[in-house]
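Hello,

Here is the structure I promised to pass on to you. Please open it and have a look around before reading my notes underneath.

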Amino acid sequence: MSKISCDVMGDLLPLYVDDVVSEDTRHLVEEHLSSCSTCQAKLDEMRQPVRLPDFQDVQAQDAQTLKGLKKRLRHRRHRTAACSVLLTAALFLVIWALRQPRSVDQVLDRITAPFAVGEEITRQEVDDGLTLVLYRSQEAQSHLQGALIRKQGPFYRLIRCSGSLKLEPVGRPEPGELRSQALISWYDRDDPEKCAVLAVALDEEVDRIDYCGTQLNKVEFDGCRVFFGIASGDYELYQLYDEAGRELDHYAE
């Protein structure tokens, strides 16, 4: 019978160990093993008893693996939640920024109380990015209102809307009648004495109005005479002057 190679023996050894070979094959394998130490060593290794891992060791190892897996999943959930919060906050910030007005006109477009903005009469830059705008009511052209708008960074915001005054052409009032009507709005929390003043002259002689020693700006249109400005003082002194600078009347508290 011819000899077999070690490669063929490598295929036959598992069958030989399991005792599922024929008698002739068994003789061939044993003949080869008697003269080949390499294949004999392979056979000895195959016959070594297989040691199964201890159940408690396997259980402990599985528990440790599951614990690590749970920890990774928990960290992943936390990271996902944190990312979701950050993305939501960023989206909210972007939407908020896009909705902020970037001009005085955009602020005026949003004013609805005490009435919506109609015709603009005039506007004045006061200080620190503060703008005073005078305008008529959209619904009633005879009503005048003032709005204080402040610039903060790239955005503008309404900080105060005064009430309203009725526009009336100047004339000659009867004795004892008011020569003007005024609307005073305090607006600065840091300086409670600061106020915006809006006045309408009813007497044609009234050519100048001072409030707390501050001369107000004058604008005339449609036979009406309007005075406006920013004043500051710890008392209220409202003075009316004619064109020659003579005091016509005053109101003090």
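Below is what I found, starting with a helix and moving on to a sheet. Please keep in mind that this is a predicted model.

Let's begin with helix 1, which covers residues 6-17. Its 12 residues reach 16 Å from the first C-alpha to the last, close to the 16 Å expected at 1.5 Å a residue. Which of its residues are buried? They are Met-9, Leu-12, Leu-13 and Tyr-16. Seen down the axis of helix 1, these buried residues fall within an arc of 125 degrees, so they line one face of the helix. They pack against helix 2 (23-35) and helix 3 (37-47). On the other side of helix 1 you will find Asp-7 and Asp-11, which are exposed. After the helix comes Asp-19, with a positive phi near 60 degrees.

Now for the sheet. It is open and has four strands in the order 5-6-10-9, with antiparallel pairing. Strand 5 (180-186) and strand 9 (217-221) stand at the edges with a single partner strand each, so one side of each has no neighbour in the sheet. On average, neighbouring strands here are turned by 15 degrees against each other, direction ignored.

If you would like one pair to look at in detail, try strand 5 with strand 6 (residues 194-201): seven bridges join them in the antiparallel sense. Leu-183, for instance, has Leu-198 of strand 6 as its bridge partner.

Enjoy exploring, and best wishes!

Key. Residues are numbered from 1 along each chain as its sequence is written. This is a predicted model: local features need pLDDT of at least 70, side-chain atom pairs count only at pLDDT 80 or more; totals for chains, interfaces and linings use all residues. Side-chain values use heavy atoms; hydrogens and water are left out. Two strands pair if DSSP finds at least two bridges between them. Helices (H or I, at least four residues) and strands (E, at least two) are DSSP runs, numbered from the N terminus. Axes are lines fitted to C-alpha atoms, for helices over the stretch in contact, and angles run from 0 to 180 degrees between N-to-C directions. The expected span of a helix is 1.5 Å times one less than its number of residues. Buried means under 20% relative accessible area, exposed over 50%, partly exposed in between (1.4 Å probe, protein chains only). The arc is that of the directions from the helix axis to the C-beta atoms. Contact means heavy atoms within 4.5 Å.
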